[in-house]
Every structure is written in structure tokens, then in C-alpha cells.
Amino acid sequence: MKSIIIPESYNYIAVFLTFSCNLRCSFCINDFGSVARTTKRRLLSGKEWVEGLNRIVSRPDLPITLQGGEPTLHKDFVYIINNIKPELNIDVLTNLRDEKIFIGNIDPRRLKRDAPYASIRVSYHPEQMSLNELIRKVLKMQNNGFSVGIWGIMHPKQEIEILKAEKYCKSLGIDFRTKEFLGTHKGKIYGQYRYPGAISKRDKKSVFCKTTELIIGPNGDIYRCTADVYEKRKSIGHILDPDFQIEDKFRLCEWFGHCNPCDIKVKTNRFQQFGHSSVEIKFQDQEV
Ligand code: SF4
Ligand code: SF4
């Protein structure tokens, strides 16, 4: 199989091992008008993931991020981490349902790199979790040498709890970060977006769109954007297609208006320039 070379302009490699989750958060981003958790998809086996992911040639500052759903629910989660080639750095987004999956099974040095934030980023969901229990697990992970931090989403319903948790965790020496809530609550749209109307979920419009992310779904399909993987729209390739190569180009998309907040949110790129988003969109009257 051919190597998959990550373009210089790319900023993220998302590996959705599964959309299954042990929790049921009321504002799960996987459910942003989507079919992610209700659609049955074949999951790639650990062996298949390792074969596919080991084709990737990336930079040290661009890890592959194992995420979900809850990625540790993949039956071969440990095997995948332990068999990805050492040249690839690995980050994990998890709700840390069971710290024993990591401790004793995975070398903490495998999930560590030179970055301003932890490689294992644990999401704290006050409506579904006990903070004390989460802190116990995170401290245990830290004591076992893992690079681990907690992230809380500033959803209007839980802002106060998140800020309290942040203060408490920091007093215990735990890296706790807050993340803005993206999406709609009580009719109000939260977050700053680069393209007005992109997440309105009203009309559909045809545009040209170019991504800066490699997005791989649970069955190995590769998508144009996060909305496409959640909605199970048409894929643009497969990680096990021996000829698959990334084409860094604008593609026609008829789904503008039904984009995912994660793709459109305004952020700072890796050169610390503000005003970027994961995708760049050109409208029909613009030159591509
Ligand atoms: S833990 Fe994450 S993936 Fe699971 S339900 Fe909550 S927000 Fe969704
Ligand atoms: S226009 Fe929106 S839905 Fe279409 S590919 Fe771009 S981000 Fe995805």
C-alpha cells in the first residue's frame, strides 16, 4: 500500500475508532443534527487500523488523535496504540471510563510529546460524571507517568460547575482547561464562526470546500469534514485503499448550511494566526 503523505497545510488527523459511548451527554457534538450514534457501521479491526494508520507520514507536531464516541470502547484500543509505528505521535480524547485500560497496558512514554497541552485529554461532563471519581482516575494516571489533562465545555447549563471544577483541579496540580461550547442552546447559537449561515441547518447551498484535516470514520472511510463523518455522507476514500492519496483541493459540496460547528469555528492556526477554520469555503461566485 502507498504511504499517505500529510500535506504541510494540514492541522489535524482525526481517527474516530467508534461512535459508541458509555455516556449520554445531552449536548454531545456527535449528535449535532446527526446520525452518528444511531447508524450502525462496521468497525475496522485493530489489525486493519494499524495497517491503515501506519501508512501515514506526518510531522512530529501533528499526531494522530484517537477519538470517538469513546475510543477506549474499541475492543483493540490497546493493540492499536501499541502497534502504531513509533514515528507517529498519538493523542487520545477520552472520558476515561476506566484508567486500568491504560495503566499497565500502555507505556506512558508512547502517549507523550512536546506540546503545550496533555496528550490524553479527558472530557469532564458534570451531568454524567462524578468529579471526585474523575480526579481519582486522573491523579492515578499522572502518578503512573501519563500526560493527562481535563477539559470542560463551557455549556451555559454547566458553566458554574466547570469553573468550580477548574479551580479545584488546578489546586490539586491537574491541568484543567475550558473549551467554548459550540452549537445551539435555547435558540441561541454559541461560538464564533467563519462563514455565516454554515450551521443554521436551514437551506442547503452548493459551495467549494477545502479541508485541513484528515478525517477517518470508524469503518475506515475518509471524509471531507466532520459533518460528513457524523452524517455518514459520501466518503472521499478509504484508509485501506492501496492507492489512496490525499488531494489537497477544493471539492464541490451541496451541504453548506448543514456544516458542523467544529469545521467552521474561528480559531488560531499553528502559526498562531487568528481567523482560520478547519475548512476554507468558496462560494459559487468566487474563484477556486
Ligand atoms: S462523553 Fe463525549 S462522546 Fe460520549 S456522550 Fe459525552 S460528549 Fe458524547
Ligand atoms: S461545506 Fe460544510 S458540509 Fe460541505 S464539506 Fe465543507 S464543512 Fe463539510
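The following paragraphs describe the sheet, selected loop residues, the internal cavities and the surroundings of ligand 2 in a predicted model.

The strands considered here belong to an open sheet of nine strands, arranged in the order β8-β7-β6-β5-β4-β2-β12-β13-β14 and with mixed pairing. The edges of this sheet are formed by β8 (176-180) and β14 (237-238), each of which has a single partner strand, so that one side of each is left without a neighbour in the sheet. Within the sheet, strand β5 (residues 90-94) and strand β6 (residues 120-124) run parallel and are joined by three bridges. Two of the residue pairings between these strands can be specified: Val92 has Ile120 as its bridge partner in β6, and Leu93 is partnered in β6 by Arg121. On the side of the next strand in the order, β6 is joined to strand β7 (residues 148-154) by five bridges, and these two strands likewise run parallel. Arg121, the bridge partner of Leu93, has Gly149 as its bridge partner in β7, and this residue of β6 is thus named in pairings with both β5 and β7. Four of the five residues of β6 are buried, and the strand is therefore largely enclosed by the rest of the structure.

Several loop residues were examined for their backbone geometry and accessibility. In the loop between β5 and β6, Leu96 has a phi near 50 degrees, which is a positive value in a residue other than glycine. Leu96 is also buried, its relative accessible area being 0%. A positive phi in a residue other than glycine recurs at Lys232, where the value is near 55 degrees. Lys232 is placed in the loop between α5 and β14, and with a relative accessibility of 36% it counts as partly exposed. Leu23, which lies in the loop between β2 (12-16) and α1 (46-53), counts as buried at 11% relative accessibility. Leu23 and Lys232 are 209 residues apart along the chain, and their C-alpha atoms are separated by 21 Å. A further backbone feature is the cis peptide bond that joins Gly68 and Gly69, for which omega is about 25 degrees; Gly69 is placed in the loop between β4 (64-67) and α2 (77-83).

With regard to internal space, the count comes to three cavities of 30 Å³ or more. The largest cavity holds about 110 Å³ of space, and of the 17 residues that line it, Cys209, Cys225, Cys253, Cys259 and Ile281 are the closest to its centre. Two or more residues are given to this lining by each of β11, α5 (226-231), β15, α6 (261-264) and β18, with the largest share, three residues, coming from β15. By class, the lining of the largest cavity divides into 11 nonpolar, two polar and four charged residues.

The largest cavity is the space taken by ligand 2. The elements that give two or more residues to the shell around ligand 2 are β11 (205-211), β15 (251-256) and β18 (279-283). The residues that surround ligand 2 are Val207, Cys209, Arg224, Cys225, Arg233, Cys253, Trp255, Cys259, Val279 and Ile281. This shell is made up of eight nonpolar and two charged residues, with no polar ones. Cys209, Cys225, Cys253, Cys259 and Ile281, which are found in the shell around ligand 2, are also the lining residues closest to the centre of the largest cavity.

The second largest cavity contains about 70 Å³ of space. Its lining consists of Tyr10, Thr211, Glu213, Leu214, Ile222, Tyr223, Ile236, Phe244, Gln245, Ile246, Glu247 and Arg251, and the elements that give two or more residues to this lining are β12 (213-216) and β13 (221-223). Seven nonpolar, two polar and three charged residues make up the lining of the second largest cavity. Both β12 and β13 are also strands of the open sheet, in which they follow β2 and precede β14 in the strand order.

Methods. Residues are numbered from 1 along each chain as its sequence is written. Chains are lettered from A and ligands numbered from 1 in the order in which they are written. This is a predicted model: local features need pLDDT of at least 70, side-chain atom pairs count only at pLDDT 80 or more; totals for chains, interfaces and linings use all residues. Side-chain values use heavy atoms; hydrogens and water are left out. A residue is near a molecule or strand if one of its heavy atoms lies within 4 Å of it. On a 1 Å grid over the protein atoms alone, a cavity is a set of points where a 1.4 Å probe fits but cannot get out, and a pocket is an open set with protein on both sides within 12 Å along at least five of seven lines; lining residues have an atom within 4 Å of a point. A molecule sits in a cavity or pocket if more than half of its atoms lie within 2 Å of its grid points. Ala, Val, Leu, Ile, Met, Phe, Trp, Tyr, Cys and Pro count as nonpolar, Asp, Glu, Lys and Arg as charged, and the others, Gly among them, as polar. Grid points are joined across faces, edges and corners, and a volume is the space filled by probe spheres set on the points. Two strands pair if DSSP finds at least two bridges between them. Buried means under 20% relative accessible area, exposed over 50%, partly exposed in between (1.4 Å probe, protein chains only).
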